[in-house]
Amino acid sequence: MALLFCIVFAASFFFAAPFVGCSRSLLQIHRPTTVLDVAEALENTRNVLSFTPIGQSLSASASPSPTSFLSLQIHPRASVRKSSHLDYKSLTLSRLERDSARVTSLATRLDLAVNGISKSDLRPLDKGSEFGAEDLESPIVSGSSQGSGEYFSRVGIGKPPSQVYVVLDTGSDINWVQCAPCADCYQQSDPIFEPSLSSSYSPLNCETKQCKYLDDSECRNDRTCVYEVSYGDGSYTVGDFITETITLGSDSVNNVAIGCGHNNEGLFVGAGGLLGLGGGPLSFSSQLNASTFSYCLVDRDSDSASTLEFDSALPPNAITAPLLRNNQLDTFYYLGLTGISVGGELLPIPESAFQIDESGNGGIIIDSGTAVTRLQTDTYNVLRDAFTKGTKNLPSADTVALFDTCYNLSSKGSVDVPTLSFHFPEGKVLPLPAKNYMIPVDSVGTFCFAFAPTSSSLSIIGNVQQQGTRVGFDLGNSRIGFVPNKC
């Protein structure tokens, strides 16, 4: 009874005091340690730069599985486009630099919304779409391989479909693709989409509801809707707002509102555009009127495959948590996190550290585009200190970029590290694999604790912590579900 009392007490939505009332020994409901396979991780770092790039050869089609879903591959950087990095540490530093820009972008967008400043991608959720989801699946490709985003989907644009990689982004709503003629286009892996070759290309009038959903738009010649999206990190896209056919495997969706970008710049090198999976009315999932969608992100240093699925139900064994929305910014997916444990012991972190306040600040979102989980500084310090306490037997190493807790594991084949778990209401617990929070930063044995502090009020669960787990968004029932080892 004591254990039950502690969990219910700690999970109270309004409880804001530190978790100091529960006996630590009673909370050891999972193994206190888990094994990190050092040798396997280092082998992956040596292989990732030598993958034979598949370039444009990866098709958006695949043979249907018995469930009628399509399954297409996920690949790291070198699998899609040859890496320019000569060693793994250089690759790591490049990834972390992009990740910092991403986090700055998300924090800026929330600040703009909370302060009442209109900006692209800051629209309220509206499910009044006339499109229908049809149990679609899409290819996913690791976006770190492209120099932008973290994971990519291979889709077809137009009729006949032109194949292109697009960044998968749960933190954005606007779908867009680079279009000819280009006033300013960055390098991408595929040819630039040519609207004149598509029979389904149709510009949107300024009076359409899709155009009016945009925060940053204008009319050209008093008729054509022109969109603009900026991402807070210097990246932007500007062009005509149109409807087009998007093809996922053998399934096509007509009349999807997307941006046809003639002027684009930023961190999207390699991909041809972006597929928005956020909560606003213009996101791809919203235009499908999908009741659910899910994805599973493979290890960025692997060449294995997984899928993005629409309207597939959460499995009954999913570890679920509340899916919350911020009244100031419905693009982001917030989740009801109540605590974090290390080594089976719940940390003394107030639940308020994970909650949205009345002004729209705070809270914790789950994001496909952010790599490293960011926590408010005080919360991070408690987590880091507990983890270092449990790893005193491991030799330390110098800090690397944003990582302040690193280890020299060059002489180890495997090590035991404290189990790290996320806690949700109703006693739900999601333990993470060791490789999802102890990651290599070079090929010689330096591993770092893959969490970082943020000065922003917004906390973010990144894709390093999501790897290998199918993450399902049950939009109709406001739940998010996690199913480990389901890629």
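**Pockets of the predicted model**

The largest pocket encloses about 390 Å³ of space. Of its 23 lining residues, Asp299, Asp301, Lys435, Ile439 and Pro440 are the closest to the centre. The structure is a predicted model, and the exercises below concern its two largest pockets.

**Exercise 1.** Determine which helices and strands each supply at least two residues of the lining of the largest pocket, and which gives the largest share.

*Solution.*
Step 1. Locate the contributing elements: the strands β1 (33–36) and β27 (438–440) and the helices α2 (38–47) and α4 (88–114) each provide at least two lining residues.
Step 2. Rank the contributions: α4 accounts for the largest share, with four residues.
Step 3. Relate the elements to the centre: Ile439 and Pro440, among the residues closest to the centre, fall within the range of β27 (438–440).

**Exercise 2.** Classify the lining of the largest pocket by residue type.

*Solution.*
Step 1. Count the nonpolar residues, which number 12.
Step 2. Assign the rest: seven are charged and four are polar.

**Exercise 3.** Describe the second largest pocket by volume, lining and contributing elements.

*Solution.*
Step 1. State the volume, which is about 270 Å³.
Step 2. Identify the lining: it comprises 14 residues, and Val342, Gly343, Glu345, Ala386 and Lys389 lie nearest the centre.
Step 3. Assign elements: β19 (345–346) and α7 (377–389) each contribute at least two lining residues, and α7 gives the most, with three.
Step 4. Classify the lining: eight residues are nonpolar, three are polar and three are charged.

Notes
Residues are numbered from 1 along each chain as its sequence is written. This is a predicted model: local features need pLDDT of at least 70, side-chain atom pairs count only at pLDDT 80 or more; totals for chains, interfaces and linings use all residues. Side-chain values use heavy atoms; hydrogens and water are left out. On a 1 Å grid over the protein atoms alone, a cavity is a set of points where a 1.4 Å probe fits but cannot get out, and a pocket is an open set with protein on both sides within 12 Å along at least five of seven lines; lining residues have an atom within 4 Å of a point. Grid points are joined across faces, edges and corners, and a volume is the space filled by probe spheres set on the points. Ala, Val, Leu, Ile, Met, Phe, Trp, Tyr, Cys and Pro count as nonpolar, Asp, Glu, Lys and Arg as charged, and the others, Gly among them, as polar.
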